[in-house]
Amino acid sequence: MRKIIAATFVSLDGVMQAPGGPEEDPVGGFEFGGWTFHYFDEVGGAAMEELFSKPFALLLGRRTYDIFAAYWPYQKDPIADAFNPATKYVATHRPDTLTWQNTHALGPDIITALRRLKQEDGPDLLIQGSGDLIQTLLANGLIDEIRLMIFPLLLGKGKRLFGEAAMPAAFKLVKSQTSTTGVIIATYERAGEIKVGSFVTGEPSQAELERRKNWK
């Protein structure tokens, strides 16, 4: 069974928009494109090399596909060497405009298509960027692993990684490290349902009972 892995750069306030450069995705008037640049060091570089060291297929939303397809086929570096020959699955309503080699549209029902792909033999499905697609998959419980590089800055406005529609689920931290520039690199794997409990002991006061009644 294949896993769906979301690997994402994110700020402390959850923004993931345009980490690579000013022209990457200025939609909505986003002013801080390229916010990851000054934080990369050998630790971050090694984490990226590890991410792409195993076979994978790319899973992309249409906007990220367009960004990648206009850039990576024209580069010659280790990431291009990994991305260009990889199979790409794209969520799109315009399948006839997919020109990057080895690219396949997921079709009109992306959830059914991805559930089928997860059951097939093959490399894991790696999401890069694709914030809208990530939120759709989180809402349907389809992401098995989340790899975050959390950068020590606040961006305010911008496209965010997590929305309110995510299906509640527990995750466990399986690996973490910190770069010399303060970037937290963390891998989380799905770990079943959320378990709740209470630190309250004894009988609630009358004031507490009144509070509960008023807050419903």
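## A buried alanine in helix H3

Let's begin with one small residue: Ala80 sits in helix H3. The structure you are looking at is a predicted model, and in it Ala80 has a relative accessibility of 1%, so this residue counts as buried. The cut-off behind that word is a relative accessible area under 20%.

Which residues touch Ala80, once neighbours within four places in sequence are set aside? They are Trp72, Gln75 and Pro85. You can also look for Phe68, which lies 12 residues from Ala80 in sequence and 9.8 Å away in space, taken from C-alpha to C-alpha.

## The whole chain

Now zoom out. The protein chain has 6 helices and 8 strands. Following the sequence from start to end, you meet them in the pattern β-α-β-α-α-β-β-α-β-α-β-β-β-α. The C-alpha trace spans about 70 × 40 × 35 Å along its principal axes.

The protein chain has 216 residues, and 40% of them count as buried. Among contacts with a separation of 6 or more, 70% are between residues 24 or more positions apart. Here is one pair to find on screen: Gly45 and Ser179 are 134 residues apart in sequence, yet their C-alpha atoms are 9.7 Å apart in space. Gly45 belongs to helix H1, and its relative accessible area of 24% makes this glycine partly exposed.

## The sheet

In what order do the strands line up in the sheet? The 8 strands form an open sheet in the order E4-E3-E2-E5-E1-E6-E8-E7, with mixed pairing. Strand E4 (103-105) and strand E7 (171-178) are at the edges; each has a single partner strand, so one side of each has no neighbour in the sheet. On average, neighbouring strands are turned by 25 degrees against each other, ignoring direction. As a reminder, strands of a sheet pair through backbone hydrogen bonds, and they can do so in a parallel or an antiparallel way.

Strand E6 (residues 145-151) shows both kinds of pairing. With strand E1 (residues 4-11), E6 pairs in the parallel sense over 7 bridges, and one bridge partnership links Thr8 to Leu148 in E6. With strand E8 (residues 184-190), E6 runs antiparallel, joined by 6 bridges; here Ile146 stands opposite Tyr188 of E8. Is E6 mostly covered or mostly exposed? E6 is mostly covered, with 6 of its 7 residues buried. E1 also runs parallel to strand E5 (residues 124-128), with 4 bridges between them, and Ala7 faces Gln128 of E5.

## Two nonpolar cores

The largest nonpolar core has 31 residues, and Phe52, Phe56, Tyr65, Phe83, Trp100 and Leu126 are the ones that touch the most other members. Several elements each supply at least two residues to this core: E1, helix H1 (42-51), strand E2 (56-61), helix H2 (62-69), helix H3 (78-83) and E6. Phe56 is a good place to look: beyond its neighbours within four places in sequence, Phe56 contacts Ala82, Phe83, Ala86, Pro123, Asp124 and Leu126.

Another core, of 26 residues, lies apart from this one, and its members include Tyr89, Ala113, Leu133 and Ile134.

## Where two helices cross

Two packed helices are described by the angle and the distance between their axes. For helix H4 (residues 110-119) and helix H5 (residues 131-139), the axes come within 11 Å and cross at roughly 75 degrees. Angles of 65 to 115 degrees count as roughly perpendicular, and H4 and H5 are therefore roughly perpendicular to each other.

Which residues meet where these helices touch? Ile110, Ile111 and Leu114 from H4 meet Leu133, Thr136 and Leu137 from H5. Sorted by class, this contact has 5 nonpolar residues, 1 polar residue and no charged residues.

## Two loop residues with positive phi

Finally, visit two loops. Ala18 is in the loop between E1 and H1, and although Ala18 is not a glycine, its phi is positive, at about 50 degrees. At 3% relative accessibility, this alanine counts as buried.

Ser130 is in the loop between E5 and H5. Ser130 is not a glycine either, and has a positive phi of about 60 degrees. Is Ser130 buried or exposed? With a relative accessible area of 5%, Ser130 is buried.

How values were computed:
Residues numbered from 1 in each chain as written. Predicted model: local features only at pLDDT ≥ 70, side-chain atom pairs only at ≥ 80, totals over all residues. Heavy atoms only, no water. Buried < 20%, exposed > 50% of the residue type's maximum accessible area, 1.4 Å probe, protein only. Pairing = 2+ DSSP bridges. Axes fitted to C-alpha atoms, helices over the stretch in contact; angles between N-to-C directions. Parallel < 35°, antiparallel > 145°, perpendicular 65-115°, else oblique. Contact = heavy atoms within 4.5 Å. Nonpolar A, V, L, I, M, F, W, Y, C, P; charged D, E, K, R; others polar. Core = buried A, V, L, I, M, F, W, Y, C linked by side-chain atoms within 4.5 Å.
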